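Good morning, everyone. Please take a look at the model on the screen, and I will walk you through it.

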Amino acid sequence: EHSKGILQVSDAVWLFGDLNFRVQAKLEEVLPILGTRNVLSLLAKDQRTAGGASSMSAFEEAKISFPPTYKLQRGSDSYD
């Protein structure tokens, strides 16, 4: 069973930790892209899709079609 992945040998998998992957780019690069709503172009710089999370490779993620939200100024639609 050592050759099988965790999803083949487990009934349930629990993930804990910081699962908020970051865009690896400077804010000055990201803001103009966000203004165009071309979110797909940011995926090339995303830690998860760019290979920064190899421990997550057994999992599939739903299609991302929304802008990043973790860096908004509190109570506003402006990025910090």
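I will begin with the whole chain and then go residue by residue. One thing up front: this is a predicted model.

Start with the overall picture. The protein has 80 residues, and 15% of them are buried. Its secondary structure is two helices and zero strands. Helix H1 covers 6-9. Helix H2 covers 27-36. The accessible surface comes to about 6,600 Å². Carbon and sulfur atoms hold 51% of that surface.

How do the contacts spread along the chain? Take those between residues at least 6 apart in sequence: 46% of them join residues at least 24 apart.

Now to helix H2. Val30 sits in this helix. Is Val30 buried or exposed? Its relative accessibility is 9%, and the cut-off for buried is under 20%, so Val30 counts as buried. Which residues does Val30 touch, beyond those up to four places away in sequence? They are Val23, Ala25 and Leu42. For Leu42 we also have a distance. The C-alpha atoms of Val30 and Leu42 are 7.6 Å apart, with their positions 12 residues apart in sequence.

Stay in H2 and move to Thr36. Thr36 has a relative accessible area of 55%, and over 50% means exposed, so Thr36 falls in the exposed class. What does the side chain of Thr36 reach? It reaches the backbone oxygen of Ile33, at 2.7 Å.

Next, charges. Side chains of opposite charge can pair when their charged atoms come close. How many salt bridges does the model have? The count is one. Lys45 and Glu29 form it, and their closest N and O atoms are 3.5 Å apart. Glu29 belongs to helix H2, and Lys45 to the segment after H2, so this pair ties together parts that are 16 residues apart in sequence. Are the two partners hidden? Glu29 is partly exposed, at 39% relative accessibility. Lys45 is partly exposed too, at 32%.

Right beside Lys45 in the numbering comes Asp46. Asp46 is also in the segment after H2. Here the relative accessible area is 11%, and that makes Asp46 buried. Where do its contacts lie? Setting aside neighbours within four places in sequence, Asp46 is in contact with Phe21, Arg22 and Val23. Val23 came up before, as one of the residues touched by Val30.

That brings us to the loop between H1 and H2, where Gln24 is placed. Gln24 is partly exposed, with a relative accessible area of 49%. What does Gln24 touch, not counting residues up to four places away in sequence? The answer is Lys45 and Gln47. So Lys45 has two roles in this talk: it forms the salt bridge with Glu29, and it is touched by Gln24. Gln24 also has a C-alpha distance to Leu42: 9.0 Å, across 18 residues of chain.

Last stop, Ala58. Ala58 is found in the segment after H2. Its relative accessible area is 40%, which puts Ala58 in the partly exposed class. How far is Ala58 from Leu7, C-alpha to C-alpha? The separation is 7.3 Å, although the two are 51 residues apart along the chain.

To recap briefly. In H2, Val30 is buried and Thr36 is exposed. The salt bridge is Lys45 with Glu29. Asp46 is buried and lies in the segment after H2. Thank you.

Definitions and conventions:
Residues are numbered from 1 along each chain as its sequence is written. This is a predicted model: local features need pLDDT of at least 70, side-chain atom pairs count only at pLDDT 80 or more; totals for chains, interfaces and linings use all residues. Side-chain values use heavy atoms; hydrogens and water are left out. Helices (H or I, at least four residues) and strands (E, at least two) are DSSP runs, numbered from the N terminus. Buried means under 20% relative accessible area, exposed over 50%, partly exposed in between (1.4 Å probe, protein chains only). A salt bridge is a side-chain nitrogen of Lys or Arg within 4 Å of a carboxyl oxygen of Asp or Glu. Contact means heavy atoms within 4.5 Å. Accessible areas come from the Shrake-Rupley method with a 1.4 Å probe; for residues, only the protein chains shown count as cover. A polar contact is a pair of N or O atoms within 3.5 Å; within protein, one must be able to donate a hydrogen and the other to accept it, and residues adjacent in sequence count only if both atoms are side-chain atoms.
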